[in-house]
Amino acid sequence: MTAAERWAIGAWLVLVAACIAVISRTPFTTDISAFLPRSPTPEQRVLVEQLREGVVSRLILIGIEGAPQDALARASQRLAAALRNHASFVSVENGEDVGGAQDRDFLWRNRYLLSSAVTPERFSAGALRERLEEYLRLLGSPAGSLVRRLLPGDPSGELLHILERFEGQARPARRDGVWFSPDGQRALLVAQTRAAGYDIDAQERALAGIRGTFAQAGAGEAKLLVTGPGVFSVSTRAAIRDDVLRLFLIATVLIASLLLAIFRSPRVLALGLLPVASGAAAGIAAVSLGFGTVHGVTLGFGVTLLGEGVDYSIYLFTQATPGTAPQRVLDRIWPTLRLGALTSICGFSAMLFSGFSGLAQLGLFSMTGLIVAVAVTRWVLPSLLPPGFTAPAAAAFGPWALAAVRHAPALRYPLLIAVALAGVLLAAQRAPLWSDDLSSLSPVSRSEQLLDQQLRRDIGAPDVRYLVVIDAPQEEAALQASEAVGASLREASRAGLLDGYESPADTLPSRKAQLARQASVPAPAALRANLERALKDLPYRRQVFEPFLKDAAAVTEMPLIERGSLQGTRLALRLDTLLARRKDGWMAMLPLRGVTDAAAIARTIAAPPGARAVLLDLKGESDALYRTYRAEALAYSLLGAAAIVVLLSASLRSPRRVFDVLAPLAAAVLVTAGTLVLGGYQLSIFHLVGLLLVVAVGSNYSLFFDRQVPSGGDRERTIISLVFANVTTLIGFGLLAFSKVPVLHDIGLTVGIGAFLALVFSAILSRHAEDGTVHAHAAGR
Amino acid sequence: MRALGEVRSSKARFVERKHMAILSAPLESSGALIYIAPSRLEKHTLAPRAESLVLEGEELTIAGNERDQRRRLNLQDYPLARAFVESIRSTLAGDLPTLTRYYRVELEGGERRWRLTLKPSEPGMQEVVSEIRISGEYGSINAIETIETNGDRSVMTVTRDGP
């Protein structure tokens with residue numbers, strides 16, 4: 001061993017130790033928002049915030065099915081009662097009237113401060129008369145007995161006015177006193193967790209609470225269904241964890257068996273895995289240093305590195321010939337190996353600039369991993385290899401592989417036809433080629449998404465799509481702006497632009513509005529006189545309205561409603577979700593219902609000076625976000641591809657050879673894309689990245705095919721090494737195709753198909769097989 | 001009960017008088033009732049103001065004349081309204097099992113002239129209604145009298161239009 005070799009091994013050991021030290025202190029996450037934007041617009045910031053911690057992220061939808069209706073209702077009541085005492089939940093609703101009394105009491109006591117109808121004219125004789133006549137009609141209707149109880153304290157109808165604002169919020173049907181799906185097959189509950197949706201540990205505890213409680217409740221044969229963002233993040237984390245571990249183990253076993261079969265030596269097997277293991281360690285450490293955390297998906301991607309990085313040792317081992325020092329073999333193939341690694345790195349670097357921090361992690365991980373793997377192959381491996389090493393299986397396999405390659409060019413015309421067909425298929429595609437939906441990136445499995453949609457439909461809670469978001473420096477300003485926007489929304493609602501809206505000012509009016517309402521109530525004597533005039537000729541008994549006169553007289557002395565006044569009501573919870581303090585002020589949200597013309601609404605809403613109001617289209621915004629990403633990913637992919645072309649041109653210095661190297665890759669990309677479309681896939685960003693990786697990975701094959709070798713024996717060994725390298729790559733990416741996590745599945749499937757095609761197409765389009773001539777120059781020289 | 005159950009559909013005029021403590025005079029309304037077996041019941045009030053209630057299965061639609069007001073309620077959500085509604089509909093349908101789910105039922109008189117007294121069995125209903133008396137002859141209803149716990153009372157007299 002030379003001094004240089006000893007230095008190389010020493011440096012490698014230090015690197016590995018450092019990586020292990022970094023990794024041991026690395027936090028691992030599975031937060032799906034890593035696949036959300038880094039530099040969003042204000043609207044997108046609201047969107048991301050909502051997805052991460054908004055009330056929507058805290059809701060868990062629960063269904064109980066598979067038993068007779070009364071058993072389901074009892075199970076629902078027992079589950080709800082137990083969960084209401086559980087620390088993980090702030091509220092559990094199942095249709096039972098729990099806490100409704102406090103809500104009604106709060107609304108009744110504060111009716112004159114809460115009702116937006118309260119103005120000085122409201123208590124004039126004329127207006128009171130109008131209301132009293134309306135009441136008379138209601139008394140004759142089926143609502144009579146309810147109205148009769150309200151009337152003595154509230155002839156101006158403030159409570160009814162307030163309740164009208166709360167109406168129209170869809171609620172599921174009730175049977176046996178609890179919520180049921182419309183078909184009566186499933187009891188429904190909605191639980192809101194204390195912790196935000198992104199706090200997966202807390203969400204997992206909440207879910208365990210639900211499952212444990214349900215099991216204890218002894219609901220017989222009834223089955224529990226749960227869904228919601230928190231459920232998704234918990235199951236995604238579990239899926240990523242399972243997938244990563246499982247795929248990693250399978251890949252390791254498969255690749256190790258292959259290496260063992262080829263090289264028949266445990267020592268060589270261990271050596272073969274050395275570059276990959278070092279690369280993976282360095283990759284994780286680099287991501288940890290660069291991003292602070294490592295995403296579970298990044299680890300999953302390590303499986304592909306295994307398939308890709310092990311190629312380098314395969315090239316070295318398979319091409320070793322008896323009587324040649326490993327170092328000499330390496331010197332011979334190094335220029336091609338280096339160029340191949342560089343093109344791969346070019347490809348992965350495009351991911352580094354992605355707006356998805358998740359994809360950027362994958363890029364950094366793969367680049368670092370490949371650099372370290374190729375460096376270890378170059379400088380560490382040769383000195384550890386047994387002297388005179390040669391691959392025994394390679395010799396037996398050689399003639400067969402060579403014959404296949406020799407006959408491959410006969411398939412040129414079929415290949416051309418396949419490429420043409422793929423081109424036509426892609427060009428003639430009627431359905432959009434690219435998926436336009438952010439949910440195509442969602443790591444949630446199809447069956448879970450279906451269950452979620454089902455329960456949401458049952459509960460009758462259509463996803464909120466439109467929100468007016470108000471930013472203001474103080475709470476009071478945010479509430480005043482909510483009232484101003486609310487007034488224009490009522491106007492728009494009368495014009496038929498929407499059905500209704502919710503506002504934080506419904507339960508917590510601004511101080512300004514409350515003071516104005518207090519001032520609107522006339523002095524007791526004046527009010528009594530107005531009422532007397534209003535009652536003239538109506539069949540009400542006079543003394544009935546004493547409670548009203550007493551309550552109205554007390555309004556001016558009443559303390560104003562503050563946030564704390566809502567304590568203990570369910571309304572407090574609702575308010576918390578609609579009005580929140582943020583780093584730089586306050587944010588109010590007004591969810592809209594039944595929007596028919598969003599553009600017209602956006603024109604009418606205007607916040608008073610000092611506040612800002614925006615109509616947010618959650619679906620439109622997330623779709624726009626996705627399109628931005630896709631455009632960005634496309635741009636970076638094209639840049640990556642361009643970088644590969646530049647690299648190849650600079651190294652090969654022959655347009656003809658560049659063409660020879662790229663033609664099979666371009667064909668592979670086209671046919672792969674065609675195959676995916678034919679398989680019914682709408683292409684996502686992940687497929688796009690996969691196609692780029694086909695170029696990056698496949699370039700290794702076409703480069704080695706293009707490489708001029710001194711002898712037929714070398715050519716045979718080259719081809720064998722390519723076949724083995726391809727098989728390991730297929731194992732790595734192909735296994736990912738079995739992952740349930742879309743990012744892994746999509747990239748794995750694309751690269752698996754593409755890498756295989758790249759090798760086959762390289763063989764078909766290779767010029768050497770035709771004449772069998774041997775050229776005397778090596779790549780890159 | 002059996003005689004009632006055999007009626008497939010019927011149409012009647014009604015006059016309803018509500019005597020309430022808060023009112024110095026009874027509130028009177030009148031209109032038409034339509035029943036189609038087994039579960040559709042329509043109450044069209046014509047005076048003093050037009051309003052219609054249409055009950056079909058579990059769904060109650062209330063339509064006023066003004067501003068195209070139309071509201072749809074699911075009875076499952078309003079146990080009180082449901083108990084009320086069933087007192088009439090189940091009687092019309094001759095559906096004793098449903099009636100006994102909500103009320104303790106007493107029957108007096110014979111087939112020619114009968115009187116049902118319904119006493120609510122659910123606590124929520126007991127708070128509001130003390131009893132409902134339905135009288136009739138053969139397969140038709142003559143009067144429905146509702147007595148509320150606070151003493152308020154409503155009497156609906158029904159006159160059948162033809163067979």
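The following exercises, each with a worked solution, concern a predicted model with chains A and B.

In this predicted model, local features need pLDDT of at least 70 and side-chain atom pairs count only at pLDDT 80 or more, whereas totals for chains, interfaces and linings use all residues. Residues are numbered from 1 along each chain as its sequence is written, and chains are lettered from A, with ligands numbered from 1, in the order in which they are written.

**Exercise 1. The two chains**

Task: Describe the secondary structure, burial and contacts of chain A and of chain B.

Solution. Begin with the terms. Helices (H or I, at least four residues) and strands (E, at least two) are DSSP runs, numbered from the N terminus. A residue is buried if 20 or more other C-beta atoms lie within 10 Å of its own, exposed if 12 or fewer, and partly exposed in between, with C-beta atoms placed from the backbone. Two residues are in contact if their C-beta atoms, placed from the backbone, lie within 7 Å.

Step 1: chain A contains 30 helices and 13 strands, and chain B contains four helices and 11 strands.

Step 2: of the 781 residues in chain A, 47% are buried; of the 163 residues in chain B, 28% are buried.

Step 3: take the contacts with a separation of 6 or more. In chain A, 83% of them join residues 24 or more positions apart. In chain B, 34% of the contacts between residues at least 6 apart join residues at least 24 apart.

**Exercise 2. The contact between the chains**

Task: State which elements of chain B touch chain A, and classify the residues on that side.

Solution. Step 1: the contact takes 19 residues from chain B and 19 residues from chain A.

Step 2: on the side of chain B, β2 (27-36), β4 (51-56) and α2 (79-93) each supply at least two residues.

Step 3: sort that side by class. Ala, Val, Leu, Ile, Met, Phe, Trp, Tyr, Cys and Pro count as nonpolar, Asp, Glu, Lys and Arg as charged, and the others, Gly among them, as polar. The side of chain B that touches chain A then has nine nonpolar, four polar and six charged residues.

**Exercise 3. Helix α11 of chain A**

Task: Examine the length of helix α11(A), its crossing with α10(A), and the residue R264(A).

Solution. Step 1: helix α11 of chain A covers residues 229-263, 35 residues. The expected span of a helix is 1.5 Å times one less than its number of residues. For α11(A) this gives 51 Å, and the helix reaches 49 Å from its first C-alpha to its last, close to the expected value.

Step 2: turn to α10 (residues 200-216) of chain A. Its axis and that of α11(A) come within 9 Å and cross at roughly 105°. Axes are lines fitted to C-alpha atoms, for helices over the stretch in contact, and angles run from 0 to 180 degrees between N-to-C directions. Angles under 35 degrees count as roughly parallel, over 145 as roughly antiparallel, 65 to 115 as roughly perpendicular and the rest as oblique. The two helices α10(A) and α11(A) are therefore roughly perpendicular to each other.

Step 3: the residues that make this contact include I200(A) and L207(A) of α10(A), and V231(A) and R237(A) of α11(A). By class, the contact of α10(A) with α11(A) has five nonpolar, three polar and two charged residues.

Step 4: just after α11(A) comes R264(A), with a positive phi of about 50°. R264(A) is not a glycine, lies in the loop between α11 and α12 (266-291) of chain A, and is exposed, with 12 other C-beta atoms within 10 Å.

**Exercise 4. Strand pairing in chain B**

Task: Follow the pairing of strands β8, β9 and β10 of chain B.

Solution. Step 1: two strands pair if DSSP finds at least two bridges between them.

Step 2: β8 (residues 114-120) and β9 (residues 129-137) of chain B run antiparallel and are joined by five bridges. T117(B) stands opposite R133(B) in β9(B).

Step 3: β9(B) and β10 (residues 140-148) of chain B also run antiparallel, with eight bridges. Here E137(B) stands opposite S140(B) in β10(B).

Step 4: the hairpin of β9(B) and β10(B) has two residues between the strands, and Y138(B) there takes a positive phi near 50°.
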